Amino acid sequence: MSASGLRSGHHPPPVVTGLGVVAPTGIGVRRHWESVLAGKSGLGRITRFDPSRYPVQVAGEIPGFDAGRLVPGRLVPQTDRFTHVALIAAEAALDDARAEPRSLPEYEMAVVTASSSGGTEFGQHEMERLYQKGSSWVSAYQSIAWFYAATTGQVSIRHGMRGPCGVLCCEQAGGLEALAQSRRLLNSGSRLVLSGGTDASLCPYGLVAQMATGNLSTEDDPARAYKPFDVAASGQVPGEGGAFLVVESAASARERGVGHYGTLLGHAAGFDPPPGSGRPPVLASVIRQALANAEVGPEEVDVVFADASGVPAHDLAEARAITEVFGPGGVPVTAPKTLTGRLYAGGAALDTVTALLALTSGVVPHTAGLERQAPGCDLALVRDRPRRTDPRVAVVLARGHGGFTSALVAGRGDRTDIGQ
Amino acid sequence: MSRRAVITGVGVVAPGGVGHDAYWDLLTAGRTATRAISLFDASGFRSRVAAECDFDPLAAGLSPQEVRRMDRAAQFAVVAAREAIEDSGLELSSADPGRVGVSIGSAVGCTMGLEDEYAVISDGGRDWLVDHTYGVPHLYGYMVPSTLAVEVAWQAGAEGPVALISTGCTSGLDAIGHGVQLIEEGGADIVLAGATDAPLSPITSACFDAIKATTPDNDDPAHASRPFDGRRNGFVLGEGSAVMVLEEAEAARRRGASVYAEILGFAGRSNAFHMTGLKPDGREMAEAIRVALDRARLDPDDIDYINAHGSGTKQNDRHETAAFKRSLGERAYRVPVSSIKSMIGHSLGAIGSLEVAACALALRHQVVPPTANLSVSDPECDLDYVPRDAREHRMERVLTVGSGFGGFQTAMALGRPRTQREVA
C-alpha cells in the first residue's frame, strides 16, 4: 500500500464493460457507430443561435437532443447542457454494462469526468441577468451548474457512487486523462468507475471564446470545414457532446458475469514545451511510453485514432510523431471525429468508444471527407470507406490546447453485440 | 510500492501577504485578513466581506505581457510556483523535463477574466450574441481552467504529465493527491502541485449570495469568518494560491533537500447526497479519513493535529465535527483542531493547497495555527479548536480535510520527514 493506495506489482488491465454516447453522430452507441461506418457527418450550420455575425458558422450539434424529454425533470433547470448530455451518456453506459450501482459496494464505485469549459451556456445566461438586472437575479443554481465539477457531482448523486470521484480539465486530452485516472482507482481499491467527458459550449460566448484561439475553420461549407491531414485543411470545427465508459476491474466484470468491449492496456501523458523554446513536441515520446506501459510493440498496433487537429501545423507535428514511432505509412491512421467536430473533453472519450467498437467489430472506420493528403503528412490514412482488417490493438491520441498530450492503448474485448 | 512523495518547496500567495514567510506570520499571529470587498463595488450584495490578497503582479515579478495574458488566478499560481521552485533549491533547468509534472487544482478557473471579458463583449449584458471583435486574444485561455496548469508547466519547463484538477472546494487537496500518485506510479520524479482560485468577482459573489452560503455580517469584516463559533452564519470568500514542489523521497534525500513533510496517505469519498447539502453524520468524510489513515498505516492516536475544513457554515462545522468523532473516536477530543479559514477566508479550490502548506509549515515549526474569532461555543462543536492563539505543540503527523460542493470529501495525512522522526 502507498499514500495513494496504489498497489504495487502486476495488475490485470481494466476492462470496459459499458458505453454511452451523446454526440453529433447520434444519441446512443448504435446510432453513433452506424453514422461512423456510413461516414454520416453531424456537422452543419449552427442552429442553437444565429451565427450570421460570426466568421465561424459550422459546428457539430447533437441531433434531436431534447433535454426536457431526456433529462429528469428538476435537473433540466438546475444544470447546464454539458451535464444534461453527461447524465444521459452515463446512464446509458451503466445500462449497457448491466451495472446496478445500488447493488454494488458504494465506496468501490467512482465517477471521474473530464470537462474543458464547464457550464458555459448556463453561465452566460446568469451573467446576462447579473449585468442586466442585478445580483439578486442570479439563479441559486449558478453555483452548482457552472463549475467544472457539476457533472461528476450530479452523476455521483444520481447513481449513489461514493468512491474517490474526480474531475480533470486537460482540454481535448481530458477524456484520456479521466480514463487514466480511472485505471489508477481500479488499482487502488475501486472496482467500477464511470468515466467520461462532455462539453457543450455552443452558445455565443462559448463560440467566441473558442474563436479566439485562431484555430477554428471559417469555411462555411460543412463538408469542407474540417479536413485534418488534407491539403484543404482549414482549422477545427467545434462540437458538443461526448461519451461515458464503464471501466471495471477484470475481476469485477468476471464476478458480475458480463462481457467487455476491450482492455485499457496502457497510457502515458506529457506536455509540450512552451512556444519558442526550440524543443520538439512530446507526442512521439508519449506514444512510446504508452506502448511501453502496455507492453506492446509498435508493430503490434493495428490502428491509430489520431487527434487530427485540422490546423495544418498541428497535423504536421502529429503526422511526424506517428511516423517517428511506427515508420512511414507504418500503421493505419484514422480520425472519425471529422463527423463530430472537436468535442473537447468529450473528444477523446468518444474516440476511445469508437476505437473499442472498431476492435470488437473487426472494422477500422474511415476518415470521411478527405481528398488529398497534405505534403509532409506521411500517413496511411484510412479513407473513403471502412476496412475489415480485424484489428486487435488500437492507440488513441489526444492533444489539448496549451500542450496537453496523451496516448491510450486499448486491446480487443469479447463483447461483439454492438459492433456486428 | 516503494516510491514516496515529500514536500521540498512551498510557495504561497495568500490574503495578508505574498510568500510563505508572510503567510506563516499571519497564521501564527492569529491575525485576520478579511475586510470589506475592494476588488469590485459590492454595495448591492448580501455578503460584502472577503479575504483579499494585496497583490501587485509586477512587484511580484511578472512581466507586463504575463500580466496581460494571465487571469489573476494564473498570476497567483505562477508567483507561488516560482517561490516553491526557489525554496526547493532544485535546478529545474538541469532536470529531465519529461520527468517533471504539474498538478494544479482550481474550483472556478479564470472566473475574473471570463466575467470581465463577458461584460465587454456583451456590452454590459445587452447582447446575447456577444461581439467577437471586442474579444481579447487570451479569451479562450480564460474559458478553459486548464490554462492555470499550462502556465505553471511553462514556469517549470515541465514536459511530463500535466493536469488541472477541478473538484470544487477539495480541488487543492485532490490536486496534491494527484501529484503524489504521479510520483508513486513513476510517471514523474518532480511535481509542481497546488491550487489557485481568484473568485472575488460579482458573478461568484452573486451565486453564493443566492444560496446564502456566505456571511451577511458586513459590519465587522475583520471578525466575519468564525468557524466553530456559536455565532457563525456563513463563510467568507477568499482568494490565493499555494504551490508545492513534490519530489520522490529517495531523490530528495540524495540531493540533500530540505524536506518539510512527507505525504503519508490520502483518500477521497463522495457523499452522493446533495450538491451543496451535507448530512450531519459526517459519514463519507469519516470514511475518507479512515482510508487515508489506513493507507498511511496510522492509528487515530498517531494524529497530533487536524487542519479542519472549518468553513464557518453551521452545516459544515457540525458535519465535520461528527466526521472527526466517527473516524478518530476518543482521539478526536484530545487532538487540537483548527481552521485557518478564520484568518484567510475560503478560497474555494485553492484553500486545500493553502491548508497543506499550513500543515507543512506547522510540522516544520511545531506550532499549531489557531482558529481566530472563536469565542462563543456551540454545544454541537465540542472539540479543541485552538481558539484565537497559536499553540506550540509537538507534532509528528497531522491530518487535513476538505469538503466541497458536489459532495467531495478528501482527507490527507502528512508527517515530518522520516530522518527527523527517527531522530525524535
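Chain A of this predicted model splits into two domains: domain 1 covers 15-256 and domain 2 covers 263-412. Measure from centre to centre over C-alpha atoms and you get 21 Å between domain 1 of chain A and domain 2 of chain A. Where these two touch, domain 1 of chain A puts in 62 residues and domain 2 of chain A puts in 55 residues.

So what does domain 1 of chain A use on the side that touches domain 2 of chain A? At least two residues each come from β1 (15-23), α1 (29-38), β4 (58-60), α8 (174-186), β7 (192-199) and β8 (241-248) of chain A. The largest share belongs to α8(A), with 8 residues.

Then there's the contact between chains, where 71 residues of chain A meet 79 residues of chain B. On chain A's side, two or more residues apiece come from α5 (120-132), α6 (142-145), α7 (150-159), β6 (166-168), α8, α9 (204-211) and β9 (262-271). Which element gives the most to the side of chain A that touches chain B? That's α5(A), with 7 residues. As for α8 of chain A, it's on the list for the side touching domain 2 of chain A and also on the list for the side touching chain B.

Here's how the residues on each side break down by class:

| Side | Nonpolar | Polar | Charged |
|---|---|---|---|
| Domain 1 of chain A, touching domain 2 of chain A | 31 residues | 23 residues | 8 residues |
| Chain A, touching chain B | 35 residues | 27 residues | 9 residues |

How values were computed
Residues numbered from 1 in each chain as written. Chains lettered and ligands numbered in written order. Predicted model: local features only at pLDDT ≥ 70, side-chain atom pairs only at ≥ 80, totals over all residues. Domains from an automatic or database assignment. Contact = placed C-beta atoms within 7 Å. Helix = DSSP H or I, 4+ residues; strand = E, 2+ residues; numbered from the N terminus. Nonpolar A, V, L, I, M, F, W, Y, C, P; charged D, E, K, R; others polar.
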